[in-house]
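Colleague: Could you take one part of this model, a single strand within its sheet, and describe closely how that strand is paired and surrounded?

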Amino acid sequence: MRLPRSWSIAIGAVAIASLTLWSINSLYSLYVQVSWTTPWLATPILIGILILIVIAIAVSVYYLGIVRGWWGKSTTATPRVLPKVPVEKTAAATANLQAIDLQLAQIQDEVSRQALLAKSREIAENLARGQIRVVVFGTGSAGKTSLINAIIGRIVGEVGAPMGTTTRGETYTLELKGLDRQILLTDTPGILEAGIEGTQREAIARELATAADLLLFVVDNDLRASEYTPLMGLAEIGKRSLLVFNKTDLYPPLDRERIVAQLQKRVQSEIEAQDVIAIAANPQPVRLESGEMFAPDPDIFPLIRRLAAVLRAEGEELVADNILLQSQRLGAEARELIDAQRQRQAEKVVNRYQWIGAGVVTVTPLPVVDFLATAAINTQMIIEIGKVYDCNLNKDTAQELALSLGKTLTSLGIVKGAIQLVSTALTVNVTTYALGKGIQGIVAAYLTRIAGRSFITYFQQDRSWGDGGMAEAVQQQFQ
């Protein structure tokens, strides 16, 4: 049981007073005893003891101050400043775009390079504007346009003029109270339409959906396989989605609840139950008892409420995630072009050296010199392939790689078969000798090509032969 604070102070004061009186009494007794025996020594001893007491008190205060500070640091947790994830992701996206610009400078195909530069500029502009892109996606019969119209008629704030075309997707600008960012609401072409034109429009819709910060995936019944596949594909790449069950006015209440439950179950691995929302964007007119037709108002308030909640709570995160995703996808596209370009350049190196090797072996009279010449050619070929992949190898390293590859070719029986073929063809007859040297040159070109293509694979995999090692890589090229 802890004592009251006043009691603790009183007890401490009594203890200090008692200790002080005892110290004074002890010093006085010591002074009297010394003064009786050695009067001249009593005063210096008293002064010395007082000095030691002052020093002890000072050291104790200093030490206690240090200890208190140390304990304060260990027991008082320093508040951890949590990083702002959107800021970090935006910075990562900016760094990605800068790296992509360096990659694009390496692309020789001007058309492809300009196309990727345009995408890079578009991502940078989206990053600077900071708008939230909400894309409505689904089949043409699901009621996407009706949903857009209902949202525009109900959402709080101003609606801007539509941008774009119906073939590319109509986009509106919206302002939502409590949200600093502007909202871009886009109606995409329908998916699963027939014909070549329908396929083209679906490709446009998928492209727009991939670029969205938030996706409204609209259905008018339980998910079909043709709808489930694109929805899950977009979710797998990190696309945040709300699954909107439209046209609920066409179903009895029990059927409506059953369909909602089925939708929640089908997408539960990627979409939360609260993000499956039932609405009626354009309810069918009903006939009243009087015989008049009555047009009910759109029932989209659950969607508006959930949309506003998601955008206010996750808007910054959604924009940052999407910008980072778009920059990563652009980087992957640039790398694919660069890899294809490098492979074409490396193939040219291999083609050149395989015929250089064939020519050298054909005109060289001694078989021993043939192998020496082929080894030297392979070494230089490896160095040049390495340069194509921005890997500068020295001559010794290239020779070691060429030697390892030669041993692998031998172990696979390729060299032995070539030697047997050549030795059979070689005779003292000038005609057959010339034919044999030609065959020997072709075999050398063949082996050089296998070696070159194997090393293309090696450099493509960042100087790695993969799990199967060099033998598997060479065997694949041989096949």
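Modeller: Two strands are taken to pair if DSSP finds at least two bridges between them, and helices (H or I, at least four residues) and strands (E, at least two) are DSSP runs numbered from the N terminus. This is a predicted model, in which local features need pLDDT of at least 70 and side-chain atom pairs count only at pLDDT 80 or more, while totals for chains, interfaces and linings use all residues. Residues are numbered from 1 along each chain as its sequence is written, and side-chain values use heavy atoms, with hydrogens and water left out.

The strand I would choose is E1, residues 132–138. E1 and E3 pair in the parallel sense over five bridges, with isoleucine 132 standing opposite isoleucine 183 in E3. Five bridges also join E1 to E4 (residues 214–219), and these two strands run parallel; here valine 136 has leucine 216 as its bridge partner, and glycine 138 stands opposite valine 218.

Helix H6 (residues 195–210) packs on the sheet and touches E1, E3 (183–187) and E4, contact meaning heavy atoms within 4.5 Å. The direction of H6 makes about 145° with that of E1, where axes are lines fitted to C-alpha atoms, for helices over the stretch in contact, and angles run from 0 to 180 degrees between N-to-C directions. Six of the seven residues of E1 are buried (under 20% relative accessible area, with exposed over 50% and partly exposed in between, for a 1.4 Å probe and protein chains only), so E1 is largely enclosed by the rest of the structure.

As for the wider setting, six strands form an open sheet of mixed pairing in the order E2-E3-E1-E4-E5-E6. E2 (170–174) and E6 (276–278) stand at the edges with a single partner strand each, so one side of each is left without a neighbour in the sheet.
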